[in-house]
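Open the structure in your viewer and keep the selection tool at hand. This tour goes stop by stop and says what to select at each.

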Amino acid sequence: MIVATGKSILNGIAIGKIKIYKAPERTIDSGTAADPSAEAARYEAAVEKAIEQQNELYEKALVSAGEESAAIFETHALMLEDDDLNDSVKEIILGQKKTAEYAVKEGYDNMAEMFRSMDDPYFQARSADIIDLQNTVLDILMGTDSASMQGTEPSILVAEDFAPSETVKLDKSLLLGMITIEGSSNSHTAILARSMNLPTLIQCKEVSDSWDGQMAILDGYNHCVYIDPTKELLEALGKKREEDIKKEALLQDLKGKTNTTIDGKTIRVYANIGGPQDIGAVNQNDAEGVGLFRSEFVYLNSKEAPTEEEQFQAYKLAVESLAPRQVVIRTCDIGADKTIDYMNLDKEENPALGFRAIRICLTRKDFFKTQLRALLRASAYGNLGIMFPMIISVREVVEAKAILEECRRELEAEGKQIGKLELGIMLDTTAAVLCSDELGEEVDFFSLGTNDLTQYTCAIDRQNAKLEPFSDTHHPAVLRSIQMTIEAGHRHGCWVGICGELGADLSLTETFLRMGVDELSVNPKAVLPLRKQIRSIDLSK
Amino acid sequence: MKEFKYTITDPVGIHARPAGILVKEVKKYASAFTIISPEGKEANLTKLLAVMGLGIKQGQEVTIRIEGEDEEAAAEAIEKFFKENF
């Protein structure tokens, strides 16, 4: 048995096999194939399997993201069936007597190069599709298909760290827990862990490739993982895990109850979601609405800027299926630690203080309008709120509102339906907190983004694990900022909520209630524990 | 043989998604389909990558030639497809 330690994200236990999540290294030699016709048959079989995979992805995306997003996989399947591509690969195998791997490398590279050399940026970008398919086929040929990075059985995944786009793609039904070598308690890995209630160990430096496939217990209570645990340990921790499951069942009894304190004060508890795929979790955990829909995942999930129609479908799905409950969608918050190739953002010295969120949107007006039009159209289907992130001045809000109005007029002229909606801003900068009186005049609500607010107020990089000793999530400056914001908001008729991680911190629930907070938006898994906490508080004492 | 001309109005031109659906449509017919770019470059309409390789953009006029036993019905259906999708 090996014991390795790290930093645990939440109290919980995962028991299962370890799976090392690592992109395969591909080495392809240019040697001559002994039996070219056998290689050609291998190629044909691999393409067939790749097409099958694309069709499976299509089905999966159809259910989770809709026809528009799924269509790309159908197109990929057709590309794989392309005669020109397949003939050129077989020509290399049979004519030059090469292996299937070598021929796929050459043949697909040539096709990608053809697209790359076209003069239109759209067609140039299609070379990425070809390279994607090349990797798929190579993975199959070399027996290292990327889907198997996660494996086909439920497992505890071990990785260097998970990128935001990777956390989206993981098959959550096969995910028992996560262990990363890097990461901080505010990284995307940690956020995913909390939103899914997944036992997760970060900063685990002792990770070894030899763990792959071994039985393990991830003990979130004690910040450690046991590889190849003893029978006694398996029994003891297995029992503890069952108790956790029972406790979870008790929480389910709170469904349908109000978030009311003993002395009768009721607030709203909403959920934070990353996309339409989380709607199920909102319902399962009986949240009264969505306080933060992170729209950037709509952007991170695609290879090119999502169209108005694609965005509209995603927003409409959430707004319509949760109606009459409110859904607050945050406009694009790309930049800082969330970057995307097609946005062509420059590398920055200080990305967190750089070109991100509303700053990109106000600069690239057409890009912003695509999202605002999609949002306005979705508003016809339920109870929508729109909020702008990273606001530091009234001028920005006025500008954003003017663009929103422009979109509204356009859509009305086109005869499109628009519903009623609330407009708000994220309070995630100190500048916004200090100007909250003026900002309150412009909007219907404030939502405190405490993760960024803490980072900017304390000058603590939330991604830097080394700063954890200096970090204080209950820093008085942050708590005072929250108090100021709530008071200013109420002076100007705004409701004020908290959508950062702090909202789910049960040790602060009473403090927030006393400050007068109107809404707390937390990850879906935290909704019921928070309800339980609220119902146990007596503000009259 | 049937032939029709069509000017692309889609802002992205003949792009991957509709082109993929087009290829599937075309394969339903027995006829041979050829698409000809304004520069006179030809591609077989059943070959997705070759069609995309023509790089047809908004505002360009393409010629579609259809030859085979079901060319009447095929021409009508594919012309309709172009009007609806490009």
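**A tour of two chains**

Begin by selecting A:Glu81 and B:Lys27: these residues form a salt bridge, and their closest N and O atoms lie 3.8 Å apart. Keep in mind that the model is a predicted one. Between chain A and chain B the count of salt bridges is four. Residue pairs in polar contact between the two chains, both at pLDDT 80 or more, also number four.

Next, colour the helices of chain A. The side of chain A that touches chain B draws at least two residues from each of α2 (67-80), α3 (83-96), α4 (100-116) and α5 (121-125). Of these, α2(A) gives the largest share, seven residues. By type, the residues on this side of chain A are twelve nonpolar, one polar and ten charged.

Now select the whole contact, with 23 residues from chain A and 19 residues from chain B. The two chains bury about 1,700 Å² between them, and 64% of that is on carbon and sulfur atoms. Pick out A:Leu78, A:Tyr122 and A:Phe123, which supply 30% of the area that chain A buries against chain B, more than any other three residues.

For the last stop, go to A:Thr261, in the loop between α9 (231-252) and β9 (268-273) of chain A. Is A:Thr261 buried or exposed? Its relative accessibility is 4%, so A:Thr261 counts as buried, the cut-off being under 20%. Show its surroundings too: apart from neighbours within four places in sequence, A:Thr261 is in contact with A:Leu513, A:Ile534, A:Ile537 and A:Leu539.

Conventions:
Residues are numbered from 1 along each chain as its sequence is written. Chains are lettered from A and ligands numbered from 1 in the order in which they are written. This is a predicted model: local features need pLDDT of at least 70, side-chain atom pairs count only at pLDDT 80 or more; totals for chains, interfaces and linings use all residues. Side-chain values use heavy atoms; hydrogens and water are left out. Contact means heavy atoms within 4.5 Å. Buried area is the accessible area (1.4 Å probe) that two parts lose on being put together, summed over both. A salt bridge is a side-chain nitrogen of Lys or Arg within 4 Å of a carboxyl oxygen of Asp or Glu. A polar contact is a pair of N or O atoms within 3.5 Å; within protein, one must be able to donate a hydrogen and the other to accept it, and residues adjacent in sequence count only if both atoms are side-chain atoms. Helices (H or I, at least four residues) and strands (E, at least two) are DSSP runs, numbered from the N terminus. Ala, Val, Leu, Ile, Met, Phe, Trp, Tyr, Cys and Pro count as nonpolar, Asp, Glu, Lys and Arg as charged, and the others, Gly among them, as polar. Buried means under 20% relative accessible area, exposed over 50%, partly exposed in between (1.4 Å probe, protein chains only).
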